[in-house]
Amino acid sequence: MASNMEGSIHRGCDFIFDFNCFTCQETDRNTEADFYCEECSKFYCSKCVEYHNYLYKKHAILSKENISLWPETDVVEQEKCKEHQKEKLTIFCEEHNVLICHVCHFHNHQ
């Protein structure tokens, strides 16, 4: 079942972060990034950065203490549906544990 979450998105929802972990995102997990690698130009959570650091010992990692050096993100773009780019994510589907737009809700999440 889906419920309206538009207000939560704009107030600071737990499901949308300013910086998402790149590795977690590739495996369909939603995890906030705690580190940024300048060499890879990617964000990592505290768990994934351990693997990154093991593989790439010479890469410069910036923690949140240096967040001012991280690249800027466009949260507005993160609020848009990946399948329907002109639509905002306004609904949370509890069955699939995902934010969706009204078009996705109509076609795939009733």
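A residue counts as buried when its relative accessible area is under 20%. That cut-off matters for two cysteines discussed below. The model here is predicted.

Start with the whole chain. Its secondary structure comes to five helices and six strands. Read along the sequence, these elements follow the pattern β-α-α-β-β-α-β-α-β-β-α. The chain has 110 residues, and buried residues make up 32% of them. The accessible surface comes to about 7,800 Å². Carbon and sulfur atoms account for 49% of that surface. Contacts across the sequence can be split by separation. Among those between residues at least 6 apart, 39% join residues at least 24 apart.

Now turn to the sheet. Strands of a sheet pair through backbone hydrogen bonds, either parallel or antiparallel. In this model, three strands form an open sheet, and the pairing is antiparallel. The order is S3-S2-S4. Strand S3 (42–44) and strand S4 (61–63) stand at the edges. Each has a single partner strand, so one side of each is left without a neighbour in the sheet. From one strand to the next, the twist averages 30 degrees.

Look at the pairing of S2 with S4. Strand S2 covers residues 35–37, and three bridges join it to S4. The two run antiparallel. Take Phe35 as an example: its bridge partner in S4 is Ser63.

A helix covers part of this arrangement's story. Helix H3, residues 46–55, packs on the sheet. H3 touches S2, S3 and S4. The direction of H3 makes about 120 degrees with that of S3.

The cysteines come next. How many disulfides does a search of the whole structure find? It finds zero. A disulfide requires a pair of cysteine sulfur atoms within 2.5 Å. Cys37 is in no disulfide: the nearest cysteine sulfur, that of Cys40, is 3.7 Å away. Is Cys37 buried or exposed? Its relative accessibility is 0%, so Cys37 counts as buried.

Cys81 is in no disulfide either. The nearest cysteine sulfur to that of Cys81 belongs to Cys104, and it is 3.7 Å away. Cys81 is buried too, with a relative accessible area of 6%.

To retrace the path: the sheet has the order S3-S2-S4, helix H3 packs on it, and Cys37 and Cys81 are both buried.

Key. Residues are numbered from 1 along each chain as its sequence is written. This is a predicted model: local features need pLDDT of at least 70, side-chain atom pairs count only at pLDDT 80 or more; totals for chains, interfaces and linings use all residues. Side-chain values use heavy atoms; hydrogens and water are left out. Two strands pair if DSSP finds at least two bridges between them. Helices (H or I, at least four residues) and strands (E, at least two) are DSSP runs, numbered from the N terminus. Axes are lines fitted to C-alpha atoms, for helices over the stretch in contact, and angles run from 0 to 180 degrees between N-to-C directions. Contact means heavy atoms within 4.5 Å. Buried means under 20% relative accessible area, exposed over 50%, partly exposed in between (1.4 Å probe, protein chains only). Accessible areas come from the Shrake-Rupley method with a 1.4 Å probe; for residues, only the protein chains shown count as cover.
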